[in-house]
Amino acid sequence: MALHRDIFWVGRQWAVTGAGIQAVDQRLRGVLDIEIARLWDDDLVQGRRAKPGVNASDFDKALTVARERFPQPPESNPLVAQLEALGVIEAPVVSPAMPAMKLRAEGRLARFLPQWRIRR
């Protein structure tokens with residue numbers, strides 16, 4: 001899997017992107033990547049850290065940067081947590097099935113706004 005287009009930090013072996021923590025080496029095809037919704041799953045994180053060939057100091061730095069960038073969600077719904085982490089949702093959510101969204105595009109050119117899609 002290619003690196004996400006939003007890159008916030010790059011180390012020797014790991015990168016913090018808009019998708020979470022991703023391995024810089026693309027030959028791994030995203031096997032060791034950690035999504036935003038699972039950043040706070042300690043069992044998964046320790047399992048990835050214990051894999052052979054993982055640079056532990058680089059992984060710890062990536063995890064610290066990612067957890068600062070994407071704080072732990074108070075809710076258990078991963079969709080709402082990811083939308084809040086990306087800054088799409090500003091108002092408190094009444095229903096997790098229908099999140100309240102606010103379009104903030106005033107005064108900006110449309111071609112420079114981040115694109116998003118809803119998968120069915």
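These are my notebook entries on a sheet and the helix that packs on it.

**Entry 1: confidence.** I started with how far to trust the model, since this one is predicted. The chain has a mean pLDDT of 78, and 73% of its residues get to 70 or more. I then looked up the elements: H2 has the highest mean pLDDT, 92, while helix H3 (residues 78-86) has the lowest, 76. Note to self: where pLDDT is low, predicted coordinates shouldn't be read in detail.

**Entry 2: the sheet.** In what order do the four strands of the open sheet come? I found S1-S2-S3-S4, with antiparallel pairing. Strands S1 (7-10) and S4 (34-35) sit at the edges with a single partner strand each, so each has one side without a neighbour in the sheet. Zooming in on S1, I saw that three bridges join this strand to S2 (residues 14-17), and the two run antiparallel. Across from Trp9 I found Val16 in S2.

**Entry 3: the helix on the sheet.** Next I checked what packs on the sheet: helix H2 (residues 56-69) does, and this helix touches S1, S2, S3 (20-23) and S4. The direction of H2 makes about 5 degrees with that of S2.

I also checked the length of H2. Its 14 residues reach 20 Å from first C-alpha to last, close to the 20 Å expected at 1.5 Å a residue.

**Entry 4: the buried side.** Which residues of H2 are buried? I listed Asp58, Phe59, Ala62, Leu63, Val65 and Ala66. Their cover includes S1, S2, S3 and S4, plus helix H1 (42-49). A reminder that helps me here: an α-helix has 3.6 residues a turn, so residues three or four places apart point the same way.

Key:
Residues numbered from 1 in each chain as written. Predicted model: local features only at pLDDT ≥ 70, side-chain atom pairs only at ≥ 80, totals over all residues. Heavy atoms only, no water. Pairing = 2+ DSSP bridges. Contact = heavy atoms within 4.5 Å. Axes fitted to C-alpha atoms, helices over the stretch in contact; angles between N-to-C directions. pLDDT = per-residue confidence, 0-100. Expected span 1.5 Å × (residues − 1). Buried < 20%, exposed > 50% of the residue type's maximum accessible area, 1.4 Å probe, protein only.
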